[in-house]
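Q: I'm new to this one. Can you walk me through it?

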Amino acid sequence: MTSQLDGKLPDEVLKHLSPHIEKDEKILYSQGSDLTLDRRFGETYLVITTARLAVADREKVHLWLKLTPELKVKVDELFGGARLVAETPEGERHLIYYTKVYVPEFASLSHVINELAKGKQPPGPEPAEAAYCRRCGAPLLERGGNCTGCVQRLRVFWRLLGLLQPYRGKVVCMMLSTLLMVAAQMGPPYVTKMIVDEVIKGHDYARLSLWIGAMVACGLVLFVTGVVSGALMSWLGSRLVTDLRNRLHAAIQRLQMSYFQRRESGEIVSRVMNDTGELQHFLIDGLPYFLVNGLSFVAIACILLRLDASLALLVFVPVPFLICGSSLFWSRLMPLFHKHGNQTSALHSILNESIYGIKIVKAFTQEQKRVEKFDVTSDKLFRTRFNIERTFVGFAEGMSWAMSLGVTAVWYFAAKRIAHGDPSLTLGDLLAFIGYIYLFFGPLRWFTAIVNWMTHAFAGAERVFAVLDAQPEVYDAPDAVSLPKIRGAISFQDVRFSYDRGKEVIKGISFEIAPGEMIGLVGKSGAGKSTIINLVCRFHDVDSGVIAIDGHPLKKIRLEQMRHQLGIVPQDPFLFNASIMENIRYGRPEAGFDDVVRAARAANDHDFIIDKEEGYDAVIGEKGTTLSGGEKQRLAIARAILHDPPVLILDEATSSVDSETEKAIQEAIAYLIKGRTTIAIAHRLSTLRNAHRLMVIEDGQIVEMGTHDELLARDGHYAKLVKIQTELNKMQSEAVVWKA
Amino acid sequence: MADATRKPFKLFRKSDKVFIRFDDGGEEQPVRIVWPRPISAPGRELSFVDEKKKELAMLKDLSVLDPDSRRIAADELQKRYLTARIARVVEATAQFGRRFWRVETDRGKREFVVKSVNKDVTWITDDHILIRDTLGYCFEIESLAALDEHSQTEVDKVL
């Protein structure tokens, strides 16, 4: 049995540890791993006391290590897992092995150990999101996600019902018309009985028109209630899902950035569209079927018992078999459906590659190989489809046959009784019976499928609710100050930050930026430059230290107001599927055309824009105009110019463009930074020639800070970078000369 | 690196750490031993990588090493690659958009879930399968045909 190993130590392990624990020593933390020391699936525990760490299992304690300042624990990543390694003066020791399941737990714990070894008092390890269901121990589809096996259907159902509160009237109408519909369904077999018994056998022709009228009335009621309840059901189902989807989208817009950091965007999109779509499908198609047939099932059972109890019992005999048969059938069919889905998407991706990659396919003359690959997958799909259909037909025919057996049995016993002159049973009763049997058996075949379907849809709903319940960003702390006009002084005081606990990305950074100053951030990728920018925008909150704007800590400034005064030109500028005009005035939708043109001119955009057939009205996006990387970047600059923020952030605004475009962008930037506090990241140091000061960041720390000339004179990291780039530029210009 | 691959060297351990020293002199340095093709051809070639992630040597197989070095390399590789080989599939189901597996492996029993058959299952050959669970841990079926009949039926239900 696999399940989450949390911080609790089993008694057997404790038993081995306790004799070694000294008087003033206390166990602080422990964490279980799912691998033994010889890397089989099992349990091993890492235990941290006030003075030592120990590795133990249920058999014995394998290792004790003193927590001394020389001790350093680090994670060594392996294939499929990792191990904790202790660096001690005596050499390196492998402490404990674990699979990917416990990566976050041990990363956090290693951080805690290192802090303790240095004599500090760190806060305890951060609880990780569970990989196994805390209730049933089953592995989860995603960390911290819900367990489909443990979906609390009733709770989800109540919560969904709660969403229908505003539409109470419609719900009541829908319920009434459904009840009426079920009642009308019960009519015709009973009318048949009366016609046979009263009119045909009793020769009471006067009542024929009455019964025929009743039959027509039943049909009419069935028609009207069917339309009304169907329409209401669709309206309610769609309304509910639309409301849910809107709320979900609104909730996502306000979620913390860390939520997006941990998930692929496709996963979130699927939550908004697929999970709600699945629910909609069930609410419109599944639930009504379930409701109507469930009700009529009970109603018919009652009617049958009233008509003739012994015959009714005969009809009930096959019910358990039919239910068993249908669940068996669905358990066979479900995997086939899954297979079908996978093969369809596999075919899709082959097709996609064939078309998007056609140039490469042709250039490497791989057409025949592509054709073969498609044919093989296509053929697999055919076989699965056929398998599904065959299973389906077999099931449908089998069920009909089983039902006809029931009908035959009723004919046999009823006919015998009627022939023997049993007065308690009439020919009409028999015909009514036969009519009800079909209504009775029919829905049975779908019941298992619908229960499965419901679980699936409700699991989706639960996932949606989980997002709705997730912690949003704090937009307005109660003590937040209003800063309608920022001057632009930014300060960092011993700021520390990590995306995942245990892996610090910013390791104690302090600096001050004066209003209107331009600062260039230089350093290798992964050094932490972009993280500094993310922190200034407050996409994440710092672990410790303070970031302040105009002397106010970031956390105490109204979030929306603060962000509104930041302008960002990102590395890969995201433009919306809208006209160039709309994109430029994204941050100030009320801006007039004159302002837009002024911004576009300042960013060196105007000329290329009017060169487009549709000018400022050209729509950017897949179906519209495609822009080059440099054009996109300049549009993003125009967007920032129009937005007119006191603080400007440039994240690699001149990467991936040619030298000529770079010059155009640099001119645009020179205009843009006038009078604003600017933080710019650039790989090309030439972009930073306007910067007042430069900061060289390495491994989350500032290693050098000063003006271009100061840093060159120091002959350190920055000077080295400049030298490399100068050589690179020389090589490029030589290549140009050589080509000419 | 072509030259480096032919330079003979020895491996040795200090506590649990593995070091390399080339026979033509030079200093000993810590080394990490990896398979360049861990999925499609585990055990075939070996790369020896230093702490700055630079390759120091590459070997076709372990046979050119002296017995001590060979033992150390084999042991290190066994510790680095934690893939579990499936011996029996007790249960495999596809339900609610996930594939749930209960298996017996050379490392013991395990339950896991697979998200996407197309992304997380690699068919190395028609018979040789690598399955990655939702957390990235890998299971290997070395030969589908060699599994017992029950296991094969279960695998067929989900793949």
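Q: Start with chain A. Among contacts between residues at least 6 apart in sequence, what share join residues at least 24 apart?
A: This is a predicted model, to begin with. In chain A, that share is 70%.

Q: And in chain B, what share comes from residues 24 or more positions apart?
A: There, 33% of the contacts with a separation of 6 or more.

Q: How many helices and strands does chain A have?
A: Chain A has 22 helices and 17 strands.

Q: What about chain B, how many of each?
A: Four helices and twelve strands.

Q: Is chain B compact or spread out?
A: More spread out than a compact globule. The globule rule gives 15 Å for 159 residues, and chain B has a radius of gyration of 19 Å, which is well over that. Its C-alpha atoms fill a box of roughly 60 × 30 × 30 Å along the principal axes.

Q: Same check for chain A: what is its radius of gyration?
A: Chain A has 36 Å. A compact globule of 740 residues would have one near 27 Å. The C-alpha trace of chain A spans about 120 × 85 × 65 Å along its principal axes.

Q: How much of chain A is buried?
A: Buried residues are 31% of its 740 residues. For chain B, 26% of the 159 residues count as buried.

Q: Now the contact between the chains. How many residues does each give?
A: Chain B gives 31 residues and chain A gives 32.

Q: Which elements of chain B give two or more residues to that side?
A: Helix 2 (67-80), strand 7 (84-95), strand 9 (108-114), helix 3 (117-120) and helix 4 (149-158) of chain B. Strand 9 of chain B has the largest share, with six residues.

Q: What classes of residue are on the side of chain B that touches chain A?
A: Twelve nonpolar, seven polar and twelve charged residues.

Q: Back inside chain A. At what angle do helix 17 and helix 19 pack?
A: At about 130 degrees, with their axes 8 Å apart. Helix 17 of chain A covers residues 593-602, and helix 19 of chain A covers residues 629-643. The angle makes helix 17 of chain A oblique to helix 19 of chain A.

Q: Is that crossing left-handed or right-handed?
A: Right-handed.

Q: Which residues meet there?
A: From helix 17 of chain A, they are A:Asp595, A:Val596, A:Ala599, A:Ala600 and A:Ala602. They meet A:Ala638, A:Ile641 and A:Leu642 in helix 19 of chain A. By class, the contact has seven nonpolar residues, no polar ones and one charged.

Q: Pick out A:Leu430. Buried or exposed?
A: A:Leu430 counts as buried, because it has 22 C-beta neighbours inside 10 Å and the cut-off is 20 or more. A:Leu430 lies in helix 12 (residues 427-441) of chain A.

Q: What does A:Leu430 touch, leaving out residues up to four places away in sequence?
A: A:Ala414, A:Ile418 and A:Leu425.

Q: And where is A:Glu704?
A: In strand 17 (residues 701-706) of chain A. A:Glu704 counts as partly exposed, with 18 C-beta neighbours inside 10 Å.

Q: Which residues does A:Glu704 touch, not counting those up to four places away in sequence?
A: A:Val696, A:Leu711, A:Arg714, A:Gly716, A:His717 and A:Tyr718.

Q: How far is A:Glu704 from A:Arg684?
A: Their C-alpha atoms are separated by 18 Å. Along the chain, these two are 20 residues apart.

Definitions and conventions
Residues numbered from 1 in each chain as written. Chains lettered and ligands numbered in written order. Predicted model: local features only at pLDDT ≥ 70, side-chain atom pairs only at ≥ 80, totals over all residues. Rg over C-alpha atoms; globule rule 2.2 N^0.38 Å. Buried ≥ 20, exposed ≤ 12 C-beta atoms within 10 Å, placed from the backbone. Contact = placed C-beta atoms within 7 Å. Axes fitted to C-alpha atoms, helices over the stretch in contact; angles between N-to-C directions. Parallel < 35°, antiparallel > 145°, perpendicular 65-115°, else oblique. Left-handed = near helix turned anticlockwise from the far one by under 90°. Nonpolar A, V, L, I, M, F, W, Y, C, P; charged D, E, K, R; others polar.
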